Each structure stands twice: as structure tokens, then as C-alpha cells.
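Dear colleague,

I am passing on the structure we spoke about, and my notes on it follow below. Please read them with the structure open beside you.

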Amino acid sequence: MRTLIIAEHDGQHLNEQVARAVTAAQHWQQPVDVLIAAAQADGLAAQAAALQGVSTVLVATDAALQHPTAEHLAALVVPLAANYSVVLAAHSAFSKNVLPRVAALLDVNMLSDVIEIVNSNTYVRGIYAGNVLATVQSSDAKQVLTVRASKFSAAATGANAAIQSVTAPAAPEGSRWVAEAFNKSERPPLAAAKVVVSGGRALGSADAFKDVLAPLADKLHAAIGASRAAVDSGYAPNDLQVGQTGVVVAPELYIAVGISGAIQHAYGMKDSKVVVAINQDPEAQIFKIADYGLVADLFEAVPQLTAAL
Amino acid sequence: MKALVAIKRVVDYNIQVRVKADGSDVDIEGVKMGVNPFDENAIEEAIRLKEKGIVTEIVAVTIGAATHQDILRHALAMGVDRVTLVETANSLAPLAVAKVLKAVVEREQPALILLGKQAIDDDAGQTGQMLAALLNLPQATYASQITIAENQATVVREIDGGTQTLSVSLPAVITADLRLNEPRYVKLPNLMMARKKPIETLPLDSLNLSLTHSVQQLKVAAPPERPAGVMVKDVNELLSKLRTHEGLLP
């Protein structure tokens with residue numbers, strides 16, 4: 001049998017996590033195909049075909065796939081799944097929306113946000129906000145799963161896989177894409193950044209959030225993240241939230257500024273290689289997971305740090 | 001229109017659970033339980049739609065043991081009209097939950113089906129999408145804003161890097177993000193009143209479903225602890241420590 005990866009992209013670039021999903025897919029030691037559904041797929045197909053370990057790139061093109069609904073993607077994937085024993089994607093808002101729909105239509109269970117593939121049907125995944133690791137085994141004939149990309153290295157490029165077109169089904173009625181609004185940023189994407197500077201409620205305002213954190217992030221070429229408290233207070237947009245209900249990051253360096261370190265936040269960053277916490281409260285939970293802790297007023301310490309870099 | 005809200009009883013979000021000594025499962029004996037936070041957002045949204053005159057009746061449903069009645073009482077106290085407990089001693093995986101909910105939806109015929117986007121215990125985030133698939137209905141997940149007009153729901157969804165707006169025809173399945181609303185506090189008189197309201201109980205067997213249990217939990221473990229960190233006295237010491245981590249800083 002074969003393994004199918006559902007590729008996420010923005011119309012021009014494959015999401016960086018696809019290359020990581022390709023690495024995860026090698027565990028089954030069977031041919032790995034990557035499915036690209038897009039309005040225009042030539043460039044995307046070439047990017048996927050270059051990934052080492054990809055056997056065939058399947059391309060479905062249709063104008064309606066410019067902004068595909070979960071219903072449309074599921075209608076595309078389900079018939080293809082007959083040829084596959086494993087269907088997987090990197091865990092993201094995109095795949096979380098589509099894959100459970102696919103799994104239900106295939107009448108199989110799904111495993112979300114797998115952090116380790118033990119064998120061909122046994123996985124480790126976090127439960128209770130990552131405070132418990134559960135080893136689970138699925139006896140379904142088809143394995144449908146999402147993998148946490150940060151736990152797998154990116155497949156190298158330089159390959160030249162075959163590209164094959166597949167028929168896109170008509171878009172199902174009942175659901176229509178209306179609009180999208182992205183928070184434009186020159187910074188690296190949060191989920192893929194090597195350095196993340198995150199702010200919490202202690203920043204006190206949206207202006208302070210930006211004025212204090214942005215210069216430090218600029219110097220470090222870092223992405224900016226936020227705690228839920230900072231997002232709920234309106235200091236930072238929703239999509240910067242790191243945690244159980246936001247983005248899970250695992251950068252080389254995570255600098256938590258004015259973040260208390262609630263379990264929901266820790267879930268999203270505790271796999272970072274090095275964690276630095278700057279907080280005025282020596283009792284803050286964040287110091288329990290920090291490699292380096294500095295008890296200080298962030299409004300003094302962060303500018304000092306920025307100036308010294 | 002009728003709204004159905006599916007809710008789950010989970011360990012309170014403030015509690016850090018422990019694993020049992022034999023690693024067989026999480027120890028939740030005697031731990032404080034409550035409505036899954038995202039499900040509370042779903043209940044709140046249904047109530048707000050009722051207050052706007054769009055929804056006429058709200059039915060809440062949960063699946064579990066008789067002890068799960070407490071969250072149905074909570075839903076009643078918030079403002080839900082009717083509640084149903086699908087009673088079973090087994091814990092069900094999202095696919096089985098979706099199959100049970102499908103049977104309830106077919107019985108109730110709601111125009112709007114609301115769920116939380118994920119439960120904070122299994123963190124699966126699958127049930128709403130699976131239910132929509134089984135019912136062959138449109139889905140709108142991670143909703144942070146819902147507007148209903150003329151049998152269409154316009155839903156703003158939280159996605160990576162921003163938001164997306166979808167228009168779905170009703171009936172549809174919508175899953176709530178935390179950002180959707182701020183759930184109301186339950187007032188004591190409402191809780192007293194909710195105690196007197198009937199709870200419909202449906203034994204799971206009465207639904208005649210064939211549910212497969214294809215996922216087995218082999219063991220659970222605490223994640224590896226991060227080694228204890230060090231406290232530094234100032235920014236200079238912090239910088240010198242970080243610079244000793246090769247490649248970490250310029």
C-alpha cells in the first residue's frame with residue numbers, strides 16, 4: 001500500500017510543514033504520495049516533487065480549489081484513499097479542519113497531533129494540554145492522522161518525483177468561501193521560527209506590546225508570540241497565541257516576557273530547546289520550565305537586552 | 001429554529017492531572033469536573049441567538065454516566081431549554097461520539113448544531129467535523145463570530161495567520177473557538193430552577209448503533225521533565241549564558 005500526505009499551501013508556496021510530514025511518512029516504508037489541491041498547481045507540484053522521499057505528486061486543479069472548503073477537499077481525498085493505507089498531514093488549522101471529515105467518511109478513527117510514531121499503528125500523542133503522553137494503538141485498516149511538525153525534521157530537497165494529475169470533484173454545495181484576512185508581517189511564521197519572543201498580560205497595552213517586543217524580535221529575527229491573556233486583553237492579534245488552543249511552537253530559543261506560564265501556555269512552548277523567562281514575579285510558573293530565568297521589570301530588562309545584542 | 005448543543009464533561013481546566021501509578025490511565029478520581037470550556041462558548045452562543053430571536057429552542061446533549069447530569073444542569077441554568085443524557089458507562093472516541101450525536105440530530109432535527117472546537121481532555125478536535133461528515137452537512141470550525149440570516153450562517157473562523165469567513169447553509173455544524181464569546185456566569189436562582197427541570201435519559205443501547213472501538217490506549221505517562229533551570233541576576237549574565245549555547249545568539 002501507499003501513504004498519502006495532504007499538502008497545505010497558500011497558492012504559491014508549500015507550507016514548510018509538508019516537508020516534515022514527508023519525514024514522518026517514511027515510518028511506514030512504503031511509497032509516499034503528496035496531494036496538492038489548488039487553482040494553479042504547477043509551481044506547487046514542482047516544490048513537492050523536489051522533496052526527498054516523495055514518490056508521486058498528485059495534482060488536482062480546479063478554480064474552486066483557490067479557497068477549498070473542508071467539504072470539497074474531503075470529496076477529493078476520500079475516493080483517492082482507496083489506494084492508501086495511511087493518510088496524514090501536518091497538524092495545523094488547515095488539516096484539523098479537513099482530516100476528521102475524511103476519517104469519518106472512511107469510517108475510521110483519527111489520531112490528532114501525533115508526536116511520535118512508535119510503529120505502523122501505534123502512536124504517542126499529548127492529552128490534557130500536553131501534561132500526559134498517551135500511547136494509543138489504532139486497529140483501523142486505514143490510519144488517518146496529523147503529526148506535530150516540530151517533532152520531525154524537514155525532508156531534504158533535490159529529488160524529482162513524478163507528477164500526476166487527478167480529477168477534482170465538483171465543489172459540494174452548502175458552503176462557500178467569502179473572505180480571508182491575514183495579519184501581514186515581515187517576521188518569520190510563528191510555527192516555523194527559530195526564535196520566538198512572546199509577551200503576556202504584564203505588557204499592559206497593545207502599544208507596549210509592540211514597542212517593547214518588536215525591537216528585540218527584530219534583532220533576533222524572531223517571530224512574536226503571545227499568551228492568551230495578552231490576546232484577550234487586545235494587546236496582540238489572535239493568531240499570535242501560543243498554547244493549547246493556539247499555535248504550538250518548538251523554536252531553538254523561546255523568550256517569555258511577562259508571561260505567568262499557565263499550563264495552557266506551557267503546552268504550546270515547552271518543547272522549545274532553550275526557554276528564557278523574564279518576569280517580575282519570582283513565583284511565576286514559567287520559571288519552572290525556563291532554562292534561564294530573570295526576575296526583573298520587563299520594561300527595563302527587555303530594552304537592556306535589545307541594546308546589548 | 002432549533003439549536004442542538006453537544007457538551008462534554010471534563011476535568012476542570014485549572015487542574016493539572018496525574019497519571020495512575022500503573023500507567024494505565026489518568027487519575028481523575030475525586031477531581032473537580034465541569035463543562036468543557038469550548039462547549040460553554042457553544043452554549044452561550046446558542047443562548048445569545050435565542051435572545052436575538054433567531055433560535056427558538058435550545059437542546060443540550062451529553063454522553064456519559066448518570067454523574068454527567070451535573071453539566072446538563074449547568075447548561076439548563078445558563079438558559080438551555082431541554083437536555084438529554086445519552087447514558088453509557090464507556091468512554092467513546094470522537095467517531096463513536098459523532099455517530100451517537102448523528103442519531104440525536106436525526107431525532108431532534110435542529111437547524112443549527114453547535115459544539116466546542118475540542119475537548120481539553122483528549123485534545124482531539126475531531127467530533128464536530130466527523131458529525132458534519134456523517135450528516136453530510138456543511139461545517140464551520142473554530143468560529144469566532146456567527147451571523148445568521150435567511151437560512152445561512154456567515155462564520156468568521158480562526159485560522160493560522162488570520163481569519164477566514166465562510167457562508168454555510170443551514171442546517172450546519174459549527175464548532176466554537178474561545179474567542180466566540182464570554183460565557184455568562186450561572187446565577188444561584190437559575191441553578192435552583194435548573195434542579196427542578198427534567199433530564200431526558202436515553203440508554204446508548206436504545207439508539208441501536210454499532211460502534212467500533214478501534215483505538216486503544218496502551219499506556220499513559222508524564223512527559224519528560226525539563227531539567228531545572230538557573231536564575232540569572234541581570235541581563236548581562238543572561239546574555240553570556242545564551243551565548244554559550246552555540247548559535248543561539250548573534
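Does A:Gln241 count as buried or exposed? Since this is a predicted model, the reply rests on computed values: with a relative accessibility of 3%, which is under the 20% cut-off, A:Gln241 counts as buried. The residue sits in the loop of chain A that runs between α6 (228–232) and β13 (253–257). Leaving aside residues up to four places away in sequence, A:Gln241 touches A:Ala226, A:Ser227, A:Arg228, A:Val231, A:Gly246 and A:Val247, and from the other chain B:Arg179. With B:Arg179 there is also a polar contact, side chain to side chain, at 2.8 Å. As for A:Leu298, its C-alpha lies 19 Å from that of A:Gln241, the two being 57 residues apart in sequence.

A second residue of chain A that touches chain B is A:Val274, which belongs to strand β14 (residues 274–279). A:Val274 has a relative accessibility of 3% and therefore counts as buried. Its contacts, again without residues up to four places away in sequence, include A:Glu252, A:Leu253, A:Tyr254, A:Asp291 and A:Tyr292 in chain A, together with B:Arg226, B:Leu242, B:His245 and B:Leu248 in chain B. Between the C-alpha atoms of A:Val274 and A:His91, which are 183 residues apart along the chain, the separation is 23 Å.

The two chains also meet through a pair of helices, α9 (residues 298–308) of chain A and α6 (residues 235–244) of chain B, whose axes come within 10 Å and cross at roughly 50°. That angle is why α9(A) and α6(B) are described as oblique to each other, and the crossing is right-handed. On the side of α9(A) the contact involves A:Ala301, A:Gln304, A:Leu305 and A:Ala308, and these meet B:Val235, B:Leu238, B:Leu239 and B:Arg243 of α6(B). By class, the residues of this contact are six nonpolar, one polar and one charged.

Turning to chain B by itself, its secondary structure comes to six helices and 15 strands, and 54% of its 250 residues count as buried. Taken along the principal axes, the C-alpha atoms of chain B fill a box of roughly 65 × 45 × 40 Å. Among the contacts in chain B with a separation of 6 or more, 69% are between residues 24 or more positions apart.

Within chain B, helix α2 (residues 69–78) has B:Ile71, B:Leu72, B:Ala75, B:Leu76, B:Ala77 and B:Met78 buried. These buried residues pack against several elements of chain B, namely β2 (9–11), β5 (33–35), α1 (37–51), β6 (57–64), β7 (82–87) and α5 (188–196). Just after α2(B) comes B:Gly79, which takes a positive phi of about 140°.

Chain B has a helix pair of its own as well: α3 (residues 94–108) and α4 (residues 127–135) pack at an angle of about 50°, with their axes 8 Å apart. They are therefore oblique to each other, and the crossing of α3(B) and α4(B) is right-handed. The residues that make the contact include B:Leu95, B:Ala98, B:Leu101 and B:Val105 of α3(B), and B:Met130, B:Leu131 and B:Leu134 of α4(B). In full, the contact of α3(B) with α4(B) has 10 nonpolar, one polar and three charged residues.

With best wishes

Definitions and conventions:
Residues are numbered from 1 along each chain as its sequence is written. Chains are lettered from A and ligands numbered from 1 in the order in which they are written. This is a predicted model: local features need pLDDT of at least 70, side-chain atom pairs count only at pLDDT 80 or more; totals for chains, interfaces and linings use all residues. Side-chain values use heavy atoms; hydrogens and water are left out. Buried means under 20% relative accessible area, exposed over 50%, partly exposed in between (1.4 Å probe, protein chains only). Helices (H or I, at least four residues) and strands (E, at least two) are DSSP runs, numbered from the N terminus. Contact means heavy atoms within 4.5 Å. Axes are lines fitted to C-alpha atoms, for helices over the stretch in contact, and angles run from 0 to 180 degrees between N-to-C directions. Angles under 35 degrees count as roughly parallel, over 145 as roughly antiparallel, 65 to 115 as roughly perpendicular and the rest as oblique. A crossing is left-handed if the near helix is turned anticlockwise from the far one by less than a right angle, and right-handed if clockwise. Ala, Val, Leu, Ile, Met, Phe, Trp, Tyr, Cys and Pro count as nonpolar, Asp, Glu, Lys and Arg as charged, and the others, Gly among them, as polar. A polar contact is a pair of N or O atoms within 3.5 Å; within protein, one must be able to donate a hydrogen and the other to accept it, and residues adjacent in sequence count only if both atoms are side-chain atoms.
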